[in-house]
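Me: I am new to this structure and would like a close look at a single part of it, the nonpolar interior. Please set that part in the context of the whole chain as you go.

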Amino acid sequence: MADRTFLSWPFFEARHRDVAAGIETWVQSLPAGVGDDVTDLAGTCRTLAAQLGEAGWLRHAVAGGAGGSLDVRTLCIIRETLAQRSGVLDFVFALQGLGSGPISLFGTDAQKRDYLPGIAAGRRIAAFAITEHAAGSDIGAMQTSARRDGGDWVIDGTKHWISNAGLADHYVTFCRLPDEGERSFGAFLVDADTAGLHAVADVETIAPHVLGTVTFDGCRVADTARLGAPGDGLRIALGTLDAFRPTVGAAALGFARLALDETARHVLARRIFGHTLAEHQMTQARVADMAVDIDAAALLVYRAAWAHDLGAGRTTRESAMAKLYATEAAQRVVDAAVQLAGARGVRRHDPVERLYREVRALRIYEGTSEIQKIVIAGRVFDAYRPDDTDRASS
C-alpha cells in the first residue's frame with residue numbers, strides 16, 4: 001500500500017485525515033476492474049459519477065462541500081486516492097469539479113441551486129468548454145463569440161478537445177464578446193439540450209477519456225445563464241484553473257505512488273544474477289529518485305492547496321509550480337517503473353503500462369508544462385520589477 005505518512009504534514013487538519021481514511025476505505029471496497037470497461041466509456045462514466053455521488057464524494061467537488069466553499073486540500077486528497085485505483089474514476093471526479101468550478105466560485109445563488117445539487121449527486125454531468133484549435137495555451141485567442149440579442153445572448157463557434165463532449169448535461173462555455181470590447185470575454189452556462197448546440201466525442205486518446213468537439217450554431221441562452229459580469233470570462237477561467245491545477249498534480253501523485261508501489265513489490269521479488277533486483281545498487285538509486293520525486297511533488301501540491309484554502313489571494317504561482325513539478329515528476333517515476341519492470345512493463349494492460357499511457361496527458365491539459373514555466377517566470381519577474389512609485393521617482 002502506498003505511503004500515507006504525508007498526512008502528518010502541517011498542511012492538514014483532522015478533517016483532511018478523516019477524508020483520506022474515508023476515501024481509502026471506499027476505494028478498497030470497489031470491485032476489481034472498476035472503470036476498466038471502456039467499450040461503453042460514456043456509460044461507464046455516468047455509472048461512476050452516480051456511485052461517487054451516492055457515496056458522498058462529489059459533494060466535495062462543489063461549493064458547500066467544505067464549509068460553504070471549495071476545499072482544495074480535500075479535492076487533492078480525493079483525486080490522489082482515486083487515481084491510484086483508476087484513471088477513469090479520477091477523470092469522472094475531476095470533471096465534475098472543473099465543470100462546476102466556475103459555478104461554485106463565481107455563480108449566483110440561483111445558478112448554484114439549479115446546477116450544483118445534481119452535480120454533487122452524480123445525476124448531472126459537467127463540462128468546461130474553453131479550448132479551440134487556435135486557442136489552447138493562448139486562451140485569449142478564442143474565436144467562439146456571444147452577442148446580445150434583446151435580453152438574450154447568441155453563441156456561435158466551435159470548441160475542440162473538450163472533456164465530456166457528448167456526455168455532459170451542461171457546458172460552462174467561454175466566449176469572446178466582440179460588442180463589449182476587443183479584449184472582452186464572457187462565461188455562460190449552456191445546457192446540452194439547447195437548440196443549436198451539437199456535441200460529440202470524436203477524439204480517441206492513448207488512455208480512456210471522453211473527449212470531443214462542441215459546436216454552437218446560433219445557441220440562444222438567457223442573460224441568467226451568464227456567469228459574472230460581461231468581460232469577466234478570463235478572470236473566471238483563470239480563477240477556476242488556479243483552484244483546480246493543484247488537483248491535477250494530485251492525480252499525478254496518485255499515478256506516481258502506484259508506480260512506486262508496483263516497482264517496490266516487483267524488485268523485491270524479481271531475482272537476477274543470484275540476487276533480488278532490489279539488492280542491486282542501480283535499482284536502489286532509481287527507487288530513491290522515484291521516492292524523492294514523489295515527496296517533492298507532494299510538498300508542492302499540498303502547499304498550493306493549503307495556500308488557496310487559507311485565502312492567500314491569487315495562488316497562480318503556487319498552482320503552476322505544483323502542476324508543473326508533479327506531472328513532470330510523475331512521468332519520470334512511471335517511466336522508471338516501466339524500465340525496472342522489463343518486458344512486463346510494456347505488456348498491454350499491465351499496471352505500469354497503463355500508467356505510462358495515463359500519466360502522459362497530465363503534462364498537457366489545464367495548461368502545458370511550458371505554459372506553467374512562463375507563468376512561474378512571470379511571477380518571479382513581477383517580484384523584481386519596481387512598483388509605480390519607484391518608476392515615477394526614477
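Reply: This is a predicted model, and a good place to begin is with burial, since 54% of the 394 residues in the chain are buried. The chain contains twelve helices and ten strands, and its radius of gyration of 22 Å is close to the 21 Å that the globule rule gives for 394 residues, so the chain is as compact as a globular protein of that length. Among the contacts with a separation of 6 or more, 74% are between residues 24 or more positions apart.

Turning to the interior itself, the largest nonpolar core has 118 residues, and the residues with the most contacts inside this core are Trp26, Leu52, Leu82, Ile155, Phe174, Phe188 and Tyr302. Helix H7, which covers residues 233–269, gives the most to this core, with 15 residues.

Ile155 shows how one of these residues is surrounded: when its neighbours within four places in sequence are left aside, Ile155 is in contact with Thr144, Ser145 and Ala146, with Cys175, with Phe188 and Val190, and with Phe216, Asp217, Gly218, Cys219 and Val221. Phe188, one of these partners of Ile155, is itself listed among the residues with the most contacts inside the core.

Apart from the largest core lies another one, of five residues, including Ala320, Met321, Leu324 and Val375.

As for the outside, the chain exposes about 17200 Å², of which carbon and sulfur atoms supply 54%.

Notes:
Residues are numbered from 1 along each chain as its sequence is written. This is a predicted model: local features need pLDDT of at least 70, side-chain atom pairs count only at pLDDT 80 or more; totals for chains, interfaces and linings use all residues. Side-chain values use heavy atoms; hydrogens and water are left out. Helices (H or I, at least four residues) and strands (E, at least two) are DSSP runs, numbered from the N terminus. The radius of gyration is taken over C-alpha atoms; the globule rule is 2.2 Å times the number of residues to the power 0.38. Buried means under 20% relative accessible area, exposed over 50%, partly exposed in between (1.4 Å probe, protein chains only). Contact means heavy atoms within 4.5 Å. Accessible areas come from the Shrake-Rupley method with a 1.4 Å probe; for residues, only the protein chains shown count as cover. A nonpolar core is a set of buried Ala, Val, Leu, Ile, Met, Phe, Trp, Tyr and Cys residues joined through side-chain atoms within 4.5 Å.
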